[in-house]
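Here is a friendly walk through one model, with stops at a few spots that may interest a computational chemist. Have the structure open beside you as you read.

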Amino acid sequence: MMFEKSVQFIQGWLVSQLASLLETTPQNIDLESRFSDYGLDSVRATNLIENLATKLGCQLSPTLIWEYPNIRTLANYLAGTPNRQLVSNNNTRKSQKLATEPIAIIGIACRFPRVQNTAAFWQLLKDEVDTISKVPADRWRKDGFSNDESTRWGGFLDEIDKFDPDFFGISPREAIQIDPQQRLMLKLSWEALADAGLPVETHRGSRTSVFVGAMWADYANLIRQTGLIAQHTTTGQDLGIIANRISYIFGFQGASLTVNTACSSSLVAVHLACQSLRSGESTLALGGGVNLTIDPDSTAVMSKFGGLSAKGRCQTFDANADGYVRGEGAGIVVLKPLSLALTAGDRIYCVIRGSAVNNDGFSNGLTAPNPKAQEALLQDAYEQAGINPNQVHYIEAHGTGTKLGDPIEAKALGAVLSSDRPTDRPLSLGSVKTNIGHLEAAAGIAGLIKVVLAIKHRQIPSNLHFHQPNPEIPFDELHLQVQTSLTSWPYPEEPALAGVSSFGFGGTNCHVVVQELLNVSSPHSRFPLLVPLAANSEERLQSLCQELKVKLQTSELGLKELIAGHLLNESHKLAMVVDSHITAAEYLENFLQGRNCTGLYKSTEIHDRPIVFVFSGQGSQWFGMGKQLLESEPVFRATLEQCDRLMQQYVDWSLLEELTVWFEEKSRLNEIDVMWPILFAIEVALASLWKHWGIEPDVVVGHSIGEVAAAHVAGILNLSDAVQIVYHLSHNATTQSGSGAMALVGLPWEKAKAATLAYEGSVYPAIYNSPISTVVSGNQAALETLLAQLRRDNIFGQLVKTNIAVHTPQMESLEVPLLEVLQDIKPQPAAILMISTLTGAPLDGQQFDASYWSGLLKKPVLFSQAIAYLLAKGFNTFLEVTPHPILAPAIKQTLQHYSQEGTVLESLRRSKDDRHVILQSLGQLYTLGKSIRWHNVYNQHFETQIRGFHNSVLTSQPQVQLFPLSAQTPAALKELSKKLYIQLTEHQISLNDLCYSTSRRWSHLNYRLAIGIESIEELKRRC
């Protein structure tokens, strides 16, 4: 907006008007001070804007003073001068919008009946404790409920009136007006951030969001009844301030809102927090809820509503269920996008894969559940998560224990999560309401925290008060089972997978999908881990492995310690890919017994040979490729995100969303204009990961469209140009879809040419794959006739899955259009040697120009010639940087043809664990003498790093470790030390674990100590 008045004029007028209003001199008016600092209420502010509009001769919005809160910014806006940003750049920066990125849970805090923290909560769940009791005598008088048994019971928190206002900078006078729900959430937010190892002060001014579920205003009702209305009553009693006060006290500038969807409030709050993170609105979020039953009237209205149990117990899924019992409590989780959490090295409890919210709509009554709406909710949640619902192991049900609600919920679960479920893996159900009652607005967060802890410990707690199955629920038919005891989490070979449901009595439903992150930091994880070992002789290597085997069998050594501290530059090397103590011990035994097995690699001759990166074209794609690396490797994900952003200039779909689709029938990987860009992006991301780990190519070679990725990795094409090329190649190739076919035949190139002569103009030799195999391409009918003829002559021939005849003259019509759109491509001199498969020999970087790429689809691929050239130059170690090793057979055939030894490695393999496959190849490269950047291989998964030159963990020399501790006051620090001493005396605690935990959680507060120690005993002496 611009008026014919200068900044100086508008500033002068505003200064003059304010000075007049305030009866002061213009010299006392500061251009930077907020209008509110001068006491302008809404009426006076509106009058000021109206007078300014008259002066400028225009219409002005009365909200301008709230948009531009001081004289300088308002004048700059009105004069058309750019304003300085009101918030610093680091606070306005947004993350990439990733609709499907998992959200990591990195911190938790809770208060539930008889529970002060998560450790106590887990113990309560394990011990099958029922916390329901009669209403405490100090809560309220019971006269009004004398004839209503359902109001006599509940799950109650202790000391809800206890609060330290000074800690949060709140005056005692204000504190008494503040709803205990606000106070409790303030405390839990601080604890959750401490649990996450995130000092509050480092996040002031950040776009950290807060979402809190709440529904009752009991304290406000009591205050009104007493008539103790004061200055702070409004903000102290308003439910919306619960979230706002957290943001205010901690200085968070992200979204901040209290959610009220009745009993689903807290889970909806978590859902909204995840949405905020995925949209880029925030990079850190707190989500949770609170429920306190302070006023007897709220219990009275729920009793009249008819939902409370006369027995005072939630008997979820039981035939005798008669309603629910109210409970108190609060919980909150700290959330962060998985990629950011991995990059930061955060401790991750598990991940939220997806979530959904809907409403029952026009159901059979406002508070009546809608079965179809619940089914739709579940379908949406698992589709958004990219997870097959039939694979879910456990559901934390809403499960209030009502005769209507339980059967409807169970049948909806069966319809969606058991539609194709094997009979031998029933879906387990449970509800924390059977332990602590129905926490209403905090019920969802209680269920979520229960599931998070169950995943952490790989155990599922019992659902209490289940004696006789509800006859309205056909459990066997629906493949459902109620959890009746504490058991180990089923299917140890799979990451734990669960869902959490929460339904509001107004019809707002929420479901959250939670999954274990395969992470070596978890003692129960099946996370693949590459263990490198080395010694200066075979005997010493044998001795080292024997020591490790013994320590693993006696549980003296964790998998994290297994990779730490060894000397890795010795001549005799060993590498193994393990996922548990058992597999590690088995591999060590195989080595000691001289047995060879996949996943175990050794070498006594170290040759750091040059390595060739090989990039394939179409055919290596498979549904699900790269999903695991997306979750576990930040460098891999970041490269894909970059490709996705660049590709958005040309397409209306997302690379990342296509890669994370769960249902194969919804995948578009069979469409060339989707498949080729995704293959390119996967190959570039794999190359980035390999280089991050220290594996740099000496030469690159590409096969068909794989040449685009090869040229980028060689430094010839920047990523933007490479994305542009692969888009136009795929887009133009799509116009030829349905025009042809391709087939692999067991004939050398010259014989394949001879065989196709009879079909001249219809079938051509297209790809010189190896000395004994060729890909032919052309008209499908003619090609099938040729294949039939070859089979009669006992010659192998098989169609390739495609409907386009690339690398033939049939593609000639695409050359001119491609040449036109690629004129702006600017190839650079190659940083790494690239062998062209159009010529079978090296080309200068400048030769990979528009004319090269425009002819790529019509010219034959001379892959075998390129490999033969490399063999002649002494290159014999090949790494296929593709989703599946489709070129490995051709490379091996070429090696055999020339009677040469060589190594051919893969990056990924169809339907195999991503990390397991890639780490196997990394292990082989280590044993071949390649220098690995071990800190990059593991530092995003745990803090212990392999040190190339350090004492072995097996030596007797003790290592000094730093033990930090901190608290808010000197007295608190002393008290914390005393408690720690008691813990050390009563429990066996690992020194490594202790120092790690205190450094992450208790090193950031104001009063601090740090001790260098060598053992737990020394720490106990010094405490």
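## Around Glu880

Leaving aside neighbours within four places in sequence, Glu880 is in contact with Val614, Ser616, Pro885, Ile886, Leu887, Ala888, Leu905, Glu906 and Ser907. This is a predicted model, and in it Glu880 sits in strand β27, which covers residues 877–880.

Which side chain of opposite charge is nearest to Glu880? That is Arg909, but it is 7.8 Å away, and the buried Glu880 has no salt bridge. A salt bridge would need a side-chain nitrogen of Lys or Arg within 4 Å of a carboxyl oxygen. There is a backbone group to look at, though: a polar atom of the Glu880 side chain lies 3.0 Å from the backbone nitrogen of Ala888.

## Salt bridges across the chain

The structure holds 22 salt bridges. In one of them, Lys336 and Asp346 meet through their side chains at 2.8 Å, N to O. This pair links distant parts of the chain, 10 residues apart: Lys336 belongs to strand β7 (residues 329–337), while Asp346 is in the loop between α14 (338–344) and β8 (350–359). Both Lys336 and Asp346 are buried.

Another salt bridge brings together the side chains of Lys450 and Glu396, with 2.9 Å from N to O. Here the distant parts are 54 residues apart, with Lys450 in helix α18 (residues 443–457) and Glu396 in strand β9 (residues 394–396). Are these two partners buried or exposed? Lys450 counts as buried because its relative accessibility is 1%, and Glu396 counts as buried because its relative accessibility is 2%.

## A link over 282 residues

Arg915 and Glu633 also form a salt bridge, and their closest N and O atoms are 2.3 Å apart. Arg915 lies in helix α35 (residues 914–927) and Glu633 in the loop between α23 (627–632) and α24 (634–647), so this pair ties together parts that are 282 residues apart in sequence. Arg915 has a relative accessibility of 3% and so counts as buried; Glu633 is buried too, with a relative accessible area of 1%. Elsewhere, Glu812, Glu815 and Lys858 are joined into one network by salt bridges that share partners.

## An open sheet of 4 strands

In what order do the strands of the open sheet with 4 strands run? The order is β22-β23-β21-β24, and the pairing is antiparallel. At the edges are β22 (763–770) and β24 (797–800), each of which pairs on one side only. From one strand to the next, the twist averages 25°.

Looking at one pairing in detail, β22 and strand β23 (residues 773–778) run antiparallel and are joined by 6 bridges. Within it, Tyr768 stands opposite Thr774 in β23.

## Strand β25 and its two partners

Strand β20 (residues 699–702) and strand β25 (residues 833–836) run parallel, with 3 bridges joining them. Val700 stands opposite Met834 in this pairing.

On to the other partner: β25 is joined by 2 bridges to strand β26 (residues 841–842), and these two run antiparallel. Ser836 has Ala841 of β26 as its bridge partner. Together β25 and β26 form a hairpin with 4 residues between them, and Gly840 in the turn has a positive phi of about 75°.

## Positive phi outside glycine

Two loop residues other than glycine are also worth a look for their backbone angles. His465 has a positive phi, near 60°, and lies in the loop between β11 (459–460) and α19 (475–478).

Ser899 has a positive phi as well, near 55°. The loop that holds Ser899 runs between α34 (888–897) and β28 (903–906). Ser899 counts as exposed because its relative accessible area is 68%, over the 50% cut-off.

## The whole protein

Stepping back, the protein has 39 helices and 30 strands. How much of the protein counts as buried? The share is 58% of its 1023 residues. Taking contacts between residues at least 6 apart in sequence, 77% join residues at least 24 apart.

Notes:
Residues are numbered from 1 along each chain as its sequence is written. This is a predicted model: local features need pLDDT of at least 70, side-chain atom pairs count only at pLDDT 80 or more; totals for chains, interfaces and linings use all residues. Side-chain values use heavy atoms; hydrogens and water are left out. Buried means under 20% relative accessible area, exposed over 50%, partly exposed in between (1.4 Å probe, protein chains only). Lys and Arg count as positive and Asp and Glu as negative; His and the chain ends are not counted. A polar contact is a pair of N or O atoms within 3.5 Å; within protein, one must be able to donate a hydrogen and the other to accept it, and residues adjacent in sequence count only if both atoms are side-chain atoms. Contact means heavy atoms within 4.5 Å. Two strands pair if DSSP finds at least two bridges between them. Axes are lines fitted to C-alpha atoms, for helices over the stretch in contact, and angles run from 0 to 180 degrees between N-to-C directions.
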